[in-house]
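Hi,

Here is the structure I promised to pass on. Have a look when you get a minute, and my notes are underneath.

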Amino acid sequence: MDISKLRALRELAVRKTMAAVAEAMHVSPSAVSQQISLLEQEVGIDLVERRGRGVDLTIAGRKLVERANRIFEELESARADMAELKKVVAGDLRIAAFPSVAAALMPKTIQTLHATHPRLEVLFEEMEPEEGMNALRSWQTDIALIDDLNVPPGLLDPSIEITPLIEDVFNVMMSPDHRLAVMETVTWQDLEHENWVMDTASSTYTRMLTDACQKSGYTPNIIARCKGFEVTRALVSEGCAIAILPGLRARKDLQGTRICRLEPEIRRRISIAFRKGEKRSPALQVFVQCLEQHAAEIR
């Protein structure tokens, strides 16, 4: 069986549509459809079935994907073996990380690796934790930075290994002339009558904050929902609303805002995720070591 056809089927199991698979593999949807058809002809059984606009795998398709996963794991393990024998830190290393941890750690890590290992090319793409895990499972990235709020340890794919990186605590951001700006610590009850701006890039994040407010006896008055931090900070600095943001994002007062501790605190664990069998890869090892070093500097 051709590896590219098996990869197309694996992608389809994760992404559910030919268009999404085509985008991930940088080919046309018709090319993906043709690969699946050729694979079905080769094995002599239907592997997919249409479900509205999407596609589901048949029992045969799911069984073949399970086998394909093992094949790809062995290929990655073999690649790691060869790299380990050569002891050469070179080639492309693809990284997926969500905005707050990426902004805090990726620039220094990439800069350091460029200086110490010029033959290693670090390719970074911003992804939320769940997106990063999907990309890791489908071989679209080599490393994903995740947190335990969006990717609980109990739901991790058994083919994925993680190593802890850093813990992060959420803070409240407000304008410098806000009535609470003189306080070092703010409670959830203090924020009951405030207007809120919510970062909606992660539905888990929104649900977590709403649940915390409801435990304190109220529902937050959300007047703005933003997918980017730039608009959030602008609304806060003008006194339109308050926002809750990760400590990695707010290690110090941001321009035009005041950062206060929040109690009871919400804490998250950030980890480095990679496929099992690749831990011996020299490129992965030097990246993890460098990332851990810079994470230790900001603890």
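How many helices and strands are there in the chain? Nine helices and twelve strands. Keep in mind that this is a predicted model.

First, the overall picture. Taken along the principal axes, the C-alpha atoms fill a box of roughly 70 × 50 × 30 Å. The chain has 299 residues, and 48% of them count as buried. If you look at contacts with a separation of 6 or more, 74% of them come from residues 24 or more positions apart.

On the surface side, the chain exposes about 15,400 Å², and carbon and sulfur atoms supply 50% of that area. As for charges, there are 38 positive and 43 negative ones, and their mean positions are 3 Å apart.

Then I zoomed in on one residue, Phe274. You'll find Phe274 in strand S12, which covers residues 267-275. Is Phe274 buried or exposed? Its relative accessible area is 2%, and the cut-off for buried is under 20%, so Phe274 is buried.

What does Phe274 touch, not counting residues up to four places away in sequence? The list is Leu136, Asp142, Ile143, Ser159, Ile160, Glu161, Thr163, Lys279 and Leu284. Glu161 is a nice one to pull up in your viewer: Phe274 and Glu161 are 113 residues apart in sequence, yet their C-alpha atoms are 5.5 Å apart in space.

Cheers

How values were computed:
Residues are numbered from 1 along each chain as its sequence is written. This is a predicted model: local features need pLDDT of at least 70, side-chain atom pairs count only at pLDDT 80 or more; totals for chains, interfaces and linings use all residues. Side-chain values use heavy atoms; hydrogens and water are left out. Helices (H or I, at least four residues) and strands (E, at least two) are DSSP runs, numbered from the N terminus. Buried means under 20% relative accessible area, exposed over 50%, partly exposed in between (1.4 Å probe, protein chains only). Contact means heavy atoms within 4.5 Å. Accessible areas come from the Shrake-Rupley method with a 1.4 Å probe; for residues, only the protein chains shown count as cover. Lys and Arg count as positive and Asp and Glu as negative; His and the chain ends are not counted. The place of a charge is taken as NZ of Lys, CZ of Arg, CG of Asp or CD of Glu.
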